[in-house]
Amino acid sequence: MAKIQIEQDYLVNRLVEILNISSPSGYTENALKWVADELSQYADVTMHYTRKGALVARWQGKNSDYSVGLASHVDTLGAMVKEIKPSGRLKLTQLGGYAWNTVENESCQILTSKGELISGTILLANGSVHVNKDVRGATRDDDAMEVRLDAKTTSADETQALGINVGDFVFFDPRVVVTNGFVRSRHLDNKAGVAIMLAMVKAVHEAGLQPAQDVVLFFSNFEEVGHGAATGFPDDMEELVAIDMAAIGAGQNSDEYHCSICVKDGSGPYHHGLTTKLRTLAEKNDIEYQPDIYVYYGSDGSAFWRAGGDVKIALIGPGVDASHSYERTHVDALIASTELCVAYVLGGE
């Protein structure tokens, strides 16, 4: 198969756009609508939402006797208001798994029940080194962190009068920067996977080609809390490739410049036959990749298997540094991951 050109500007620009759409687990409607709008330009793609709120698209292939799937999640880390403190500041509860120190001193926005956004900063309570001699060694946990609102409030009543209440969503500032081929931002996990899927569809269409089989494009909305793609797939789907970020760190094989193929994560090994198929496609199409194992990791594929999904599942994705913190990847990894997705949906033609 001749290598299909991936439009780098489209891939990066769409990634930047969706990174700037707040979508923590439980509040993903705007991001999913944006994805649906992007896919709506293709006549051979039909879409619907599951009752749970995931977006499912079916892309017509040459054959419809069965379908293959690709999944990525639009939901990200975030928080909700747990308590309004007597000082008027906010205590939070986490959405997803992250260390509090990774969001300390970050800007955020609180979405009130009235639909208004109020800005603030996530801080260690009593965090001034000129006042608290224990700041450096203080434990950062749910009880130690708070939000300082950019509003005149010194009491719970004044904060509630702003329209803020328990259960309001809190969005983290992604701080998106594109420089020297790198994209650094919060929430590359897994907005990168979403952009890759969109760039894949565009590349195949512009090459005048068609998938070998019908393709299910699944955009889940609860992955960060463990049950994203547990349900919602069609009965005729035989394979699923989850696209998510590849973790980088000590002892890992992944890096920021390659597509990674995960052979095992915290849920166990992925399907050997499908993983081998992807590795073969990568080698046949001169797509550089890194095999890896992520011990503290789960995916949409994990969720579907645990829910009883009877399909072959594999996991791929671009290498992302500092996962669940201020993340970074390189366009080379994004393009390589897109190329592998293209090769997969074309069936190795």
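Select helix α2 (residues 29-39) to begin: A31, L32, W34, V35, A36, E38 and L39 are buried there, where buried means under 20% relative accessible area, exposed over 50% and partly exposed in between, for a 1.4 Å probe and protein chains only. Helices (H or I, at least four residues) and strands (E, at least two) are DSSP runs, numbered from the N terminus. The model is predicted, so that local features need pLDDT of at least 70 and side-chain atom pairs count only at pLDDT 80 or more, while totals for chains, interfaces and linings use all residues. Residues are numbered from 1 along each chain as its sequence is written, and side-chain values use heavy atoms, with hydrogens and water left out.

Next, add the elements that cover the buried residues of α2, which include α1 (8-19), β1 (45-49), β2 (55-59), α4 and β12 (213-220).

**Helix α4 and its two ends**

Move to helix α4 (residues 188-206). Of its 19 residues, 17 are buried, so α4 is largely enclosed by the rest of the structure. The expected span of a helix is 1.5 Å times one less than its number of residues; for α4 this gives 27 Å, in agreement with the 26 Å between its end C-alpha atoms.

Before the helix, select H187, in the loop between β11 (182-185) and α4. H187 is not a glycine, yet it has a positive phi of about 70°. This residue is buried, with a relative accessible area of 8%. Then select D189 and N190, which are joined by a cis peptide bond with omega about 5°; N190 belongs to α4. Just after α4, G208 takes a positive phi of about 70°.

**Strands β3, β13 and β18**

Select strand β13 (residues 237-243), where 6 of the 7 residues are buried. Two strands pair if DSSP finds at least two bridges between them. Strand β3 (residues 63-73) pairs with β13 in the parallel sense over 5 bridges, and G69 has L240 of β13 as its bridge partner. Strand β18 (residues 312-320) also runs parallel to β13, joined by 5 bridges; here V241 stands opposite A314.

Within β3, centre the view on S72. S72 is buried, at 0% relative accessible area. Contact means heavy atoms within 4.5 Å. Leaving aside residues up to four places away in sequence, S72 touches N190, G193, V194, M197, F218, F219, S220, I243 and D300.

Within β18, centre on P318. P318 counts as buried, at 0% relative accessibility. Among the residues that P318 touches, not counting those up to four places away in sequence, are A192, I196, D244, M245, H258 and T329. To look back towards the start of the tour, mark E38: its C-alpha atom is separated by 21 Å from that of P318, 280 residues apart along the chain.

**Internal space**

On a 1 Å grid over the protein atoms alone, a cavity is a set of points where a 1.4 Å probe fits but cannot get out, and a pocket is an open set with protein on both sides within 12 Å along at least five of seven lines; lining residues have an atom within 4 Å of a point. Grid points are joined across faces, edges and corners, and a volume is the space filled by probe spheres set on the points.

The structure holds 3 cavities of 30 Å³ or more, and the largest has a volume of about 80 Å³. To display the largest cavity, select S22, S23, F171, F172 and H187, which lie nearest its centre among 15 lining residues. Strand β9 (residues 169-172) supplies the largest share of this lining, 3 residues.

For the largest pocket, with about 470 Å³ of space, select M245, Y296, Y297, G298 and H324, which lie nearest its centre among 23 lining residues. Helix α6 (residues 300-306) gives the most to this lining, with 4 residues.

**Two loop residues**

Select G266, in the loop between β15 (259-265) and β16 (268-269). G266 is partly exposed, at 47% relative accessible area, and touches Y294, V295, Y297 and R306, not counting residues up to four places away in sequence. From G266 to G208 is 39 Å, C-alpha to C-alpha, with their positions 58 residues apart in sequence.

Finish at N126, in the loop between β7 (117-124) and β8 (145-149). N126 has a positive phi of about 55° although it is not a glycine, and is partly exposed, with a relative accessible area of 48%.
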